[in-house]
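Thanks for making time this morning. I would like to walk you through one structure that may be new to you, going slowly from a single residue outwards.

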Amino acid sequence: MTAYENAIEINGVTKRYDGFTLDNISFDVPKGAICGFIGQNGAGKTTTIRSLLHITDIDSGEIRLLGLDHIKDEIEIKKRLAVVFDELPFHDIFNAKDMARIFEGMYPEWDNAVYQQYIERFQLPMKKKIGQFSKGMKMKLQIACALSHNAELLVMDEATTGLDPVVRDEILHIFMEYLQNGERSILMSSHITSDLEKIADMVTFIDKGKILLTGYKDEIIESHGILKCDKEKIAEIDPEDIVSIRTNNFGAEVMVNDRENAGYKYCDCVIDPASLDDIMLYYVHRDMKEWS
Amino acid sequence: MKLYRSLIYRELRLTRKRCFLMLILFLLLALLMLTPIMLGGFSEPAEGEDAPVEMILLFVGTVVLTGGFLAGTNNGLQKADISSGWKRYSFILPPTAKQQAVSDLLVKLFYILLFGLLSAAFAMIYSIMGDYNAFGLMLNIYLGAVCIVMLIDVVYSYIIMLAKSKKDLGVIGVAAFLGAGLIIKVVDLFTAGKDLLKGDNAAEQSAEGGALISDEAFNRFVTALGSGKTTLFVAAAFAVICALFFFVMWRSHERREP
């Protein structure tokens with residue numbers, strides 16, 4: 001087994017579709033970290049995930065997973081990788097028992113006891129057909145399958161979308177447990193930023209096929225702020241400090257990308273902390289500069 | 001070995017229902033064809049009726065041909081995998097494209113063997129009851145039928161390979177339907193043209209008594225069909241088609257989404 005520093009390394013990856021381009025993206029996910037991959041629908045999250053999983057071929061760039069080349073060392077990577085999609089990709093006629101029989105031969109490190117524990121913990125029926133499962137149950141089954149072969153890297157594509165808050169919270173809790181030993185890493189794409197705010201160590205923000213921000217979540221949140229001021233005051237703010245400006249009847253809210261510095265420069269204004277949701281929203285409108 | 005067991009288990013579980021329905025159809029047909037024996041129809045053939053040998057060939061041939069068609073036909077697995085999302089999921093699973101193709105071929109061979117054994121059992125019953133050994137002939141008919149249907153399956157699977165979504169499958173389904181219709185029409189026009197060229201000669205050349213084919217021609221045809229050379233040819237064709245099937249499946253599992 002190779003020693004590696006980053007569970008995921010994406011360097012200059014480009015993938016062109018008619019009407020959309022994943023444009024020269026680069027980011028890393030360190031070993032032992034949970035990285036939230038955020039962006040609005042159609043931003044390129046799924047294309048990035050499909051590229052790194054080699055579901056689709058990339059036009060240029062390099063991807064390394066667990067320190068290995070994502071195409072050359074595909075077989076080795078797949079044994080140590082688990083993926084959870086937004087929709088359950090299992091046939092409706094199978095039940096949880098069938099899935100264990102299918103996966104135990106495929107994964108060298110498949111552990112039926114661990115699988116059984118997850119099934120019991122999620123209170124999933126062993127013999128009921130998957131077609132009769134609710135959306136929450138289907139997602140839990142997919143997660144149980146993903147976590148039962150000691151995967152070092154877990155990739156999730158909108159896995160918590162469409163689930164109720166109770167199930168989401170339960171699932172997030174399990175992911176936290178899964179990372180306890182420090183050897184495992186998670187890349188979790190979602191547009192539900194509140195989930196990522198709870199568990200992510202890192203955040204990568206993608207928009208229109210480009211990576212806008214990537215780094216540690218706390219640093220990103222701390223460096224950004226929402227400066228509240230009158231509309232007349234906007235002209236006095238250095239454009240370099242501004243991500244975008246949201247105007248309303250009472251004045252303007254300016255997203256600044258260096259909160260500490262802005263606090264000194266515009267000491268007569270109030271700067272509120274920004275959430276990941278705010279950051280995403282203001283960055284999405286960065287081209288317009290002013291929006292309402 | 002464990003890996004193949006998993007792959008084959010999945011495929012057999014998914015095709016079980018379809019197989020069960022095909023088995024019922026096959027057994028019903030076999031039962032129908034056994035009715036003359038059960039009613040004692042071969043004990044004393046009535047004057048002016050077909051000889052029992054011809055009847056045996058007709059009944060056994062029908063059942064064996066049906067068995068071959070059912071065994072070689074597409075099992076719908078590729079289509080089901082695309083619809084369920086398993087096809088995409090399989091790209092992140094450890095089995096390689098080659099291993100998955102081997103599993104596809106083994107499952108196909110399993111069904112061919114299953115229906116082959118059932119067809120052989122049926123042929124044996126008739127051989128014993130009618131005191132006529134047609135085993136070689138039946139083997140050739142069975143393998144020939146399997147080859148034809150498998151060849152269609154290979155082409156169909158190759159086309160399916162290009163589909164990545166339910167929408168694509170729908171378009172391909174319509175295109176395949178129209179394509180098949182077009183081929184049938186072309187073949188129909190071709191044979192109609194041949195008949196026109198032949199004129200009344202074809203009718204004149206038919207056997208006496210209004211039969212479509214004379215006894216002598218029929219016997220020649222049966223002898224050729226049951227010969228060792230035909231067995232060799234059909235077996236070789238079967239091996240080539242199996243290789244083609246494996247290759248198409250391999251490519252299908254290997255091919256990434258656009």
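Let me begin with S103(B), which sits in helix α5 of chain B, the helix that runs over residues 97-130. Please keep in mind throughout that this is a predicted model. Is S103(B) buried or exposed? It counts as buried, because 23 C-beta neighbours fall inside 10 Å, and the cut-off for that label is 20 or more. If we set aside the neighbours within four places in sequence, the residues in contact with S103(B) are Y4(B), L7(B), I8(B) and E11(B). L225(B), by contrast, is 122 residues away from S103(B) in sequence, and their C-alpha atoms are 32 Å apart in space.

Turning now to where the two chains meet, 23 residues of chain B are in contact with 24 residues of chain A. On the chain B side, the elements that give two or more residues are α1 (2-38), α3 (77-84) and α4 (86-90), and α1(B) provides the largest share, with eight residues. Sorted by class, that side of chain B has twelve nonpolar, four polar and seven charged residues.

Finally, the interior: the largest nonpolar core has 84 residues, and C35(A), L65(A), L81(A), V83(A), A146(A) and V155(A) have the most contacts inside it. Helix α5 of chain A, residues 135-146, gives the most to this core, namely six residues, while domain 1 (6-220) and domain 2 (224-291) of chain A each supply at least three. Apart from this core there is another, of 37 residues, including M22(B), M138(B), V146(B) and C147(B).

Terms used
Residues are numbered from 1 along each chain as its sequence is written. Chains are lettered from A and ligands numbered from 1 in the order in which they are written. This is a predicted model: local features need pLDDT of at least 70, side-chain atom pairs count only at pLDDT 80 or more; totals for chains, interfaces and linings use all residues. Two residues are in contact if their C-beta atoms, placed from the backbone, lie within 7 Å. Helices (H or I, at least four residues) and strands (E, at least two) are DSSP runs, numbered from the N terminus. Ala, Val, Leu, Ile, Met, Phe, Trp, Tyr, Cys and Pro count as nonpolar, Asp, Glu, Lys and Arg as charged, and the others, Gly among them, as polar. A residue is buried if 20 or more other C-beta atoms lie within 10 Å of its own, exposed if 12 or fewer, and partly exposed in between; C-beta atoms are placed from the backbone. A nonpolar core is a set of buried Ala, Val, Leu, Ile, Met, Phe, Trp, Tyr and Cys residues joined through C-beta atoms within 7 Å. Domain bounds come from an automatic or database domain assignment.
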